[in-house]
Amino acid sequence: MSYKANFRVWRGDVDSGELRDYTVEVNEGEVVLDIIHRLQATQAPDLAVRWNCKAGKCGSCSAEINGRPRLLCMTRMSTFSAEETITVTPMRTFPVVRDLVTDVSFNYTKARQVPSFTPPEGLKAGEYRMEQVDVERSQEFRKCIECFLCQNTCHVIRDFEDNKPAFSGPRYLMRIAELDMHPLDVADRQKAAQEEHGLGYCNITKCCTDVCPEHIKITDNALIPMKERVADRKYDPLVWLGDKILRRGKTQ
Amino acid sequence: MSEVERHSYDVVVIGAGGAGLRAAIEARMQGMRTAVVCKSLFGKAHTVMAEGGIAASMGNVNSNDNWQVHFRDTMRGGKFLNHWRMAELHAQEAPDRVWELETWGALFDRTKDGRISQRNFGGHEYPRLAHVGDRTGLELIRTLQQKIVALQQEDEAEFGDPEARLKVFQEATVTRLLTVPDSGSEAGNRITGAFGYWRESGRFVVFEAPAIVLATGGIGKSFKVTSNSWEYTGDGQALALMAGASLINMEFVQFHPTGMVWPPSVKGILVTESVRGDGGVLTNSEGKRFMFDYIPDVFKEKYAKTEEEGDRWYTDPDNNRRPPELLPRDEVARAINSEVKAGRGTPHGGVYLDVSSRLPADVIRRKLPSMHHQFKELADVDITAEPMEVGPTCHYVMGGIEVDPDTAATPGVLGLYAAGEVAGGMHGSNRLGGNSLSDLLVFGRRAGLYAAEYVAELGDERRDVPQDQIDAAAAEAVGPFNNEGAENPYSVHQELQQTMNDLVGIIRREGEMAEALGRLEELKARAEKAGVEGHRQYNPGWHLAIDLRNMLLVSECIAKAALERTESRGGHTREDHPGMSADWRKVVLACTLADDGGHVDLVRRTPEPMRGDLLALFELDELKKYLTDAELPSAAPSAPDEETN
């Protein structure tokens, strides 16, 4: 059941690049990453691509296939017709390093700006008690494999480079939600979500949810509840009065 | 003479999986300036692939569990070849290492009373594996990654620089350890640093450090059908060997019984043992649960004899014995291999693994979400409605760098430590599922701790990295660019994988292994001529040409040791020597680098006898299955109560 497929792969680096055409063999059951590997082994030994597990678990092989952000290892060739030209390009939101490899350091910088899990003072290791139903909300977000496809697709930074400093993107807003919903986290995270991580930029178009290979409901389960938590607090008259009296909300 | 980028640290950890990150956290918490060097992006290490869980005798689900029971299970699983001191430390410290993860933000699945839930797994007497669905490895990596970020946030607050005391150098490959002769150490070598290249730019980099922790994982990429990622090219094993350390037990390679067999492009990808732990059964093309025919004598009393008893065990484990689907991995892998050979396999050359007729669909989706997802996306199989097709896949190497069991220091090289899969001894001839993640945490921490202690004792004393070694390493690394067009590194790699798979695989024969050694010599010669085109910037062909040296060296260790050991035990099955021999249990095969630098020598070592109080944890009748008469304790100890449950 082999056939020759037409591939168009972006080749280049930070200075310049182009779409290059290849004709390459495809066998039954293969995924796009298999074809990229075949190109490396037979026609383009220096074609740069990141990958690790080839099982959708590590989130390394993120790219855009026919313009859609996807994992190369989880995109089956059977989803395309034999005649179709398949175009593979690097993630657009991040600076290209070479070919399909991009510089994703933006994400690591943002990760470092989210204060870590903060357990209650004095709670010793081995004494943690949490109900399954209470950990499940955060567990959903911890399924994240950090492929950064949600970051790549989010138009707040995909189309507006200038927003990058002020906006942490769906992955890290979800991380804040994860910690906020952790049954034992005691840190106050809601204000920072709005003021330091740009939660307000998100206008819930759900593009992030659409591209998530782990099918995490980023918008519905993380971002919208987080927005509600921030709004409840910001517009609660008692909280507002308390902040005024106790001079807590300095920047509000 | 080459001018290269240099960084200076107290402790450099190579590898950013579970063991490497835990080692780095420990070294940094001991006050050392610590660097982590890893081939992939931070947080992508192979540990994310671990599915089932972390074995630790917390006793949350069955309070009969304790470290002694875990120790016994580990020794049995490894057929008593394990370094007993490592198995002891591992069983004792695993619970603390798991609980510690919770304080760093890990969210394990819970019991009804709010504690960490624990699941059943092959070879473990009680439910013992802390888990998060079937993505426990991801939780482990993310938690350690986030702990490193937390430490960096502390440093940012204190020094204004998040990387002041802990920095991750990602997408860098180390190709040589740098050493100087040292009259104080046994082998006469002492660590001064490591040489490598940035994958992105191809530029060289030197890390100066008196202590290095190797945590680079395994060797699976030398085999064709494997659950391992591209990173598993035996780097740490080869680096240690070339620096003067020994590799032990390299003949023991674990073939996980259940890898995907179809479609071809995903052949080898892991199907978690939790499928069986949660009730999944193995059947052949005749619909028979064949594992009942494959219970070996040493395990006869511990496994159910009938399907009815095995099925009752899931709900009433105190009064029934476990089903044989949960035998240690080596037994199950061999059984599947035999069934397929006997013509009772599936259309794609595996056997059936069925959970659809055993659990309701919603329970399968909740307990095995990644498996459900993986089969649906990659094979068009809905595991809630139909069986999976599975077969053995190269999964783990039990052998590895010889280390001191307490400190993780390599006896041969002062300042060199190793932890995790790259280290040998802990798992003997076969590793139990769930004992890998706990191994990473227990010995990762120990490696970081003792590396830090060693550097603290050194004070300000540092040795310079020798320039001639840097120059030689640089020349070696650019070698493939001077061999333009001679040999395709991808072809050499494919032939290596085929050779190891066919000739040093799950069932081994003398003639085939001798043939493999011959082919490895030819492949070595071809690998030296491997040429690459293009430039050094993110060039995968070049990276592979460099990695070939490590894969070939490690493959030679495996084939040589496997040829030498004329018995079958755990992850080493000889068709021509099917029995297990008590005399061979007293032999550890160690590989060292030969004087010519391109081959390995094999030497026999005698393991230290097990301490009396640990021997006393076993019944005499069981010890007789493994030990020579001379090794048996003179008086038979009385069996602890829980043994008979």
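Which are the buried residues of α12(B)? I noted B:Ile470, B:Ala473, B:Ala474 and B:Ala477 (buried is under 20% relative accessible area with a 1.4 Å probe, protein chains only).

Ground rules first. This is a predicted model, where local features need pLDDT of at least 70 and side-chain atom pairs pLDDT 80 or more, while totals for chains, interfaces and linings use all residues. Residues are numbered from 1 along each chain, chains are lettered from A, and side-chain values use heavy atoms without hydrogens or water.

**Helix α12(B).** I looked up its span: residues 467–478 reach 17 Å from first C-alpha to last, close to the 16 Å expected at 1.5 Å a residue (that is 1.5 Å times one less than the number of residues). Helices here are DSSP runs of H or I, at least four residues, and strands are E runs of at least two. Down the axis, the buried residues of α12(B) fall within an arc of 100°, so they line one face (the arc uses directions from the axis to the C-beta atoms). Their cover includes β1, β8, β9, β10 and α15 of chain B, with contact meaning heavy atoms within 4.5 Å.

**B:His124.** I found B:His124 in the loop between β5 and β6 of chain B. Buried or exposed? B:His124 counts as buried, because its relative accessibility is 0%. Leaving out residues up to four places away in sequence, B:His124 touches several residues, including B:His70, B:Asp73 and B:Arg322.

Terms used
Buried means under 20% relative accessible area, exposed over 50%, partly exposed in between (1.4 Å probe, protein chains only).
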